[in-house]
Amino acid sequence: MQTKATFTYKGKTYALADQQTWAGTPIETFMREWSNSEGHVWGHTSGSTGEPKRIMLPKAAMTASAQLTNQHFGLKENDTILLCLSTDYIAGKMVVVRAIVGNLRIVIADVKSLPEWDDQIKFAALVPMQVEALLHIDSKSRERLKGIDTLIIGGSPLNQELQDELTALGMSNAYLTYGMTETLSHVAVARIGEGELTYKALKGITFETDERDCLKINAQHIQQAPFVTNDVVELLNSTSFRWKGRWDNVVNSGGIKLFPEKIEKKISDLFPDRRFYLKGEPDKRLGSCLVLKIEGSPLAEDDEKALLDAIKKRVEKYESPKSVTYLEKFEETTTGKTKRT
């Protein structure tokens, strides 16, 4: 492995090419796998729509993906990037590969909801839970977040309230990403604060849709190209789209297709302290109807009625949930995404 990349862990800086420095660090397992003679490493799908699957990730494809990201965001040798995601999963793995490819410096922070670091960060990848904690826990954490030059956020949707807070904080280079383990991290990004989110392809990647209006991805570094997803999109052109929701979650209610994720964006600020989601359930008259699932103890009858009335004012005529179900605790995937049970 020929790289000038370095990493800083617990105040000490090491050369990434020196295997003796990996012991006891969060990147040890991945680096041993990356530096062996095999042409691949192993990863797992997220489990969003089924059981996580173990899949082979070609090192050459990961390298190509890292080069696309470094090029897109203008990362240069010795730039400092943050690693606060587990290298058990693709997002964390790709942070390290970007450093290897671009001769970058990694600052390693503990993998937790509120990561801490003291260095000036050029580029960072976070998940929504970390963004929320950094915005709200204390002023020092908020300043850490504000100090990141370029921020990408992935793993699960970021609600509109948090997007607005990032914009108000002056973070003009904050992006939501679109990608998955099978695409070796993101293939498109959407800048936050520019109106309706529009995902734009990284260089050399193009998009199509199939008969379901689901996204098809054409990228040289993806083995199975075109890669057909289950994400329903509004395709704007061959390099940009707007995400509508998962085909798996579409609700056909009386012949009208409803996209739960799209509706959830309209009402997310009505749930400041609780997790929720919308889901289709069988209905004798409509075939399926939309129901609201809320985590935690049931609301008082008057509060529930007030909530449903508030939702009606935010959504289209057919987008209001017909009932509310309460679950003590939502089921989660291994990566922390809510399972729509």
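A crossing of two helices is left-handed if the near helix is turned anticlockwise from the far one by less than a right angle. Keep that in mind for the exercises below, and remember that this is a predicted model.

**Exercise 1: Helices α4 and α6**

Describe how helix α4 and helix α6 are arranged, and list the residues that bring them into contact.

*Solution*

Step 1. Find the two helices: α4 covers residues 128-136 and α6 covers residues 160-168. Their axes lie 11 Å apart, and the packing angle is about 50°.

Step 2. Turn the angle into a word. Angles under 35 degrees count as roughly parallel, and 65 to 115 as roughly perpendicular. The angle here belongs to neither range, so α4 and α6 are oblique to each other.

Step 3. Add the hand: α4 and α6 make a left-handed crossing.

Step 4. Look at who touches whom. From α4 come Pro128, Val131, Glu132, Leu135 and His136, while α6 supplies Leu162, Glu165 and Leu166. Sorted by class, the residues of this contact are five nonpolar, one polar and two charged.

**Exercise 2: Helices α2 and α3**

Work out which word describes the orientation of α2 and α3 to each other.

*Solution*

Step 1. Helix α2 spans residues 59-72 and helix α3 spans residues 90-102. Their axes cross at roughly 75° and come within 9 Å.

Step 2. The range 65 to 115 degrees counts as roughly perpendicular, and α2 and α3 are therefore roughly perpendicular to each other.

Step 3. On the α2 side, Met62, Thr63, Ser65, Ala66, Gln67, Thr69 and Asn70 take part; on the α3 side, Ile90, Lys93, Met94, Val97, Arg98, Val101 and Gly102 do. This contact has six nonpolar, six polar and two charged residues.

**Exercise 3: Helices α4 and α5**

Return to α4 and describe its packing with α5.

*Solution*

Step 1. Helix α5 takes in residues 139-146, and the axes of α4 and α5 are 6 Å apart at an angle of about 125°. That angle makes α4 oblique to α5.

Step 2. Val131, Leu134 and Leu135 of α4 meet Ser141, Arg142 and Leu145 of α5. The classes here are four nonpolar, one polar and one charged.

**Exercise 4: An empty space**

Which residues line the largest cavity?

*Solution*

Step 1. Searching the whole structure gives one cavity of 30 Å³ or more. The largest cavity has a volume of about 30 Å³.

Step 2. Its lining consists of Leu158, Asn159, Gln160, Gln163 and Lys265. Sorted by class, this lining has one nonpolar, three polar and one charged residues.

Definitions and conventions: Residues numbered from 1 in each chain as written. Predicted model: local features only at pLDDT ≥ 70, side-chain atom pairs only at ≥ 80, totals over all residues. Heavy atoms only, no water. Axes fitted to C-alpha atoms, helices over the stretch in contact; angles between N-to-C directions. Helix = DSSP H or I, 4+ residues; strand = E, 2+ residues; numbered from the N terminus. Parallel < 35°, antiparallel > 145°, perpendicular 65-115°, else oblique. Contact = heavy atoms within 4.5 Å. Nonpolar A, V, L, I, M, F, W, Y, C, P; charged D, E, K, R; others polar. 1 Å grid on protein atoms, 1.4 Å probe; cavity = no way out; pocket = protein on both sides within 12 Å on 5 of 7 lines; lining within 4 Å. Points joined across faces, edges and corners; volume = space filled by probe spheres on them.
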